[in-house]
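This report is meant for someone meeting the structure for the first time. Please look over the sequence and the model before reading on.

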Amino acid sequence: PEFPWPNHVKNGYFPPGEEAQEYIESYFKHFGLDKMTRLNTGVYEIMSKGSGDDLHGWKLRFGKQGEPDQEEDFDFIVIATGMYGWPPHIPNIRGQGDFKGEVHHSCTFTDASVAKGKKVVVV
């Protein structure tokens with residue numbers, strides 16, 4: 001509700017990657033997240049700072065390609081690779097080899113019509 005899709009996006013419409021990216025970037029800028037985020041930055045190591053009253057949080061070692069690594073302390077870490085993580089991870093499930101239907105990952109599911117009239121399970 002705080003940041004609705006643009007008016008030209010119909011309800012129930014599955015936006016292609018470009019439109020989803022445009023929306024995400026607009027949201028990102030609107031709420032000032034661009035001032036708190038480092039893009040195109042690799043995280044090389046995440047280390048717990050331990051436990052106890054004066055030891056909490058995480059130390060990250062990170063950097064941009066061609067630049068020296070940096071370390072910084074954080075209270076929390078969110079790992080959110082999202083639907084655009086590649087390659088998609090589909091876990092092995094007991095009996096999966098006997099399944100005769102189709103298996104899709106969210107990052108490759110771009111056409112809802114392939115599920116029309118079928119029983120669908122989302123995990």
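What follows describes the sheet, the salt bridges and a surface patch, in that order.

The model is predicted, and the description below should be read with that in mind.

**The sheet**

In this model, 3 strands form an open sheet in the order 1-2-3, with antiparallel pairing. Strand 1 (42-48) and strand 3 stand at the edges, and because each has a single partner strand, one side of each is left without a neighbour in the sheet. Neighbouring strands of this sheet are turned by 25° against each other on average, if direction is ignored. Between strand 1 and strand 2, which run antiparallel, there are 6 bridges, and valine 43 stands opposite phenylalanine 62, a residue of strand 2. As background, strands of a sheet pair through backbone hydrogen bonds, either parallel or antiparallel.

**Salt bridges**

The structure holds 7 salt bridges, including the three listed in this table.

| Pair | Closest N and O atoms |
|---|---|
| Aspartate 73 and lysine 59 | 2.9 Å |
| Arginine 61 and aspartate 69 | 2.4 Å |
| Glutamate 102 and lysine 118 | 2.9 Å |

The salt bridge between aspartate 73 and lysine 59 links distant parts of the chain, since aspartate 73 belongs to strand 3 and lysine 59 to strand 2 (residues 58-63), 14 residues apart. Aspartate 73 has a relative accessible area of 38% and is therefore partly exposed, and lysine 59 likewise counts as partly exposed, at 27% relative accessibility.

The side chains of glutamate 102 and lysine 118 also meet in a salt bridge, and this pair too links distant parts of the chain, with both residues in the segment after strand 3 and 16 residues apart. Lysine 118 is partly exposed, with a relative accessible area of 45%. Salt bridges that share partners join Glu45, Arg61 and Asp69 into one network. Within that network, arginine 61 counts as partly exposed at 24% relative accessibility, and aspartate 69 is partly exposed with a relative accessible area of 42%.

**A nonpolar patch**

Which residues form a nonpolar patch on the surface? They are Val43, Ile46, Trp58 and Ile79, which together have about 390 Å² of accessible area. Isoleucine 79 lies in the segment after strand 3 (70-74), and because its relative accessible area is 69%, isoleucine 79 is classed as exposed, the cut-off for that class being over 50%. Valine 43, another member of the patch, is the residue already described as standing opposite phenylalanine 62.

Methods: Residues numbered from 1 in each chain as written. Predicted model: local features only at pLDDT ≥ 70, side-chain atom pairs only at ≥ 80, totals over all residues. Heavy atoms only, no water. Patch = residues over 30% accessible without salt bridge, like charges linked within 9 Å, V, L, I, M, F, W, Y side chains within 5 Å. Areas by Shrake-Rupley, 256 points an atom, 1.4 Å probe, with all protein chains shown as cover. Salt bridge = Lys/Arg side-chain N within 4 Å of Asp/Glu carboxyl O. Helix = DSSP H or I, 4+ residues; strand = E, 2+ residues; numbered from the N terminus. Buried < 20%, exposed > 50% of the residue type's maximum accessible area, 1.4 Å probe, protein only. Pairing = 2+ DSSP bridges. Axes fitted to C-alpha atoms, helices over the stretch in contact; angles between N-to-C directions.
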